[in-house]
Amino acid sequence: MAQLPEDEQLRAGRPASPSAWARPRLTFRRLFGLDRSGPPPPQTLSDAPWNVWTIPNAIGFLRLALIPVLLITGLSSDNGTDALPAILFAVIGWSDYADGIAARVTGQYSRFGALLDPVVDRLLVVSGIVICWKFELLPRWALAVLVARELYLLVAGQVALRHGIELKINWWGRWGVWPTMSAFFAAMVGWSTLAHLLLYIGLALSLAAAAFYTRDALAATRPAPSS
């Protein structure tokens, strides 16, 4: 695929190269991911080198390695509410912020990290669903809707990529992560009422995010109006 000229790439919100990208000032909001304005780091784009061996990716590998441990301890427990799987779930979930902070502090962004992070997050969600499903810690119908939403986004995302459409994570999706993850944790420690409430909030936000992704993808496929 032909590359846009450098000035056109910058106007489109896509930095032409690492040298053309000015690293944003590391404010408190930027450090903790609250400020995501501006173009993405060029090291994370689809045509960038993978650059596997970085500090943020090391955190990602550790999170990935803990997923099977979480599943083994959670599924082998008596009722799904043992302390160890709950702690592991919390560690894997909260360490998602750690690799993001590490990338912003060190500047070690990478294409591999941009792909690894959402994979680990989705595997963590799947692990929480599997444990909560087995022990009926959360309503199975709601868990089934959540699974259907994830499968839909997986398939729709592949279709969008084949059509050259790259969708940015919207704020509905970002806001939906915390209550959904917290619902699984609350269920694993036996806070049933809170877990149900958080799951419904997270599910509503996640479905809204899927709707807006669909809207944006359809809008991107429409031909531009002729002048």
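**Exercise 1. State what share of the 227 residues in the protein is buried, and how much area the protein exposes.**

Solution. Buried residues, meaning those under 20% relative accessible area with a 1.4 Å probe and protein chains only, make up 38% of the 227 residues in the protein. This is a predicted model, in which local features need pLDDT of at least 70 and side-chain atom pairs count only at pLDDT 80 or more, while totals for chains, interfaces and linings use all residues. Residues are numbered from 1 along each chain as its sequence is written, and side-chain values use heavy atoms, with hydrogens and water left out. The exposed area, computed by the Shrake-Rupley method with a 1.4 Å probe, is about 13200 Å², of which carbon and sulfur atoms supply 68%.

**Exercise 2. Determine how many helices and strands the protein has.**

Solution. Counting DSSP runs (H or I of at least four residues for helices, E of at least two for strands), one finds eight helices and zero strands.

**Exercise 3. Describe how helices H4 and H7 are arranged, and which residues meet.**

Solution. Begin with the axes, which are lines fitted to C-alpha atoms over the stretch in contact, with angles from 0 to 180 degrees between N-to-C directions: those of H4 (residues 83–106) and H7 (residues 171–188) come within 9 Å and cross at roughly 165 degrees. The two helices are therefore roughly antiparallel to each other, a label given to angles over 145 degrees. Next, take the contacts (heavy atoms within 4.5 Å): Pro-85, Ala-86, Phe-89, Ala-90 and Trp-94 in H4 meet Trp-178, Met-181, Phe-184, Phe-185 and Met-188 in H7.

Technical notes:
Buried < 20%, exposed > 50% of the residue type's maximum accessible area, 1.4 Å probe, protein only. Parallel < 35°, antiparallel > 145°, perpendicular 65-115°, else oblique.
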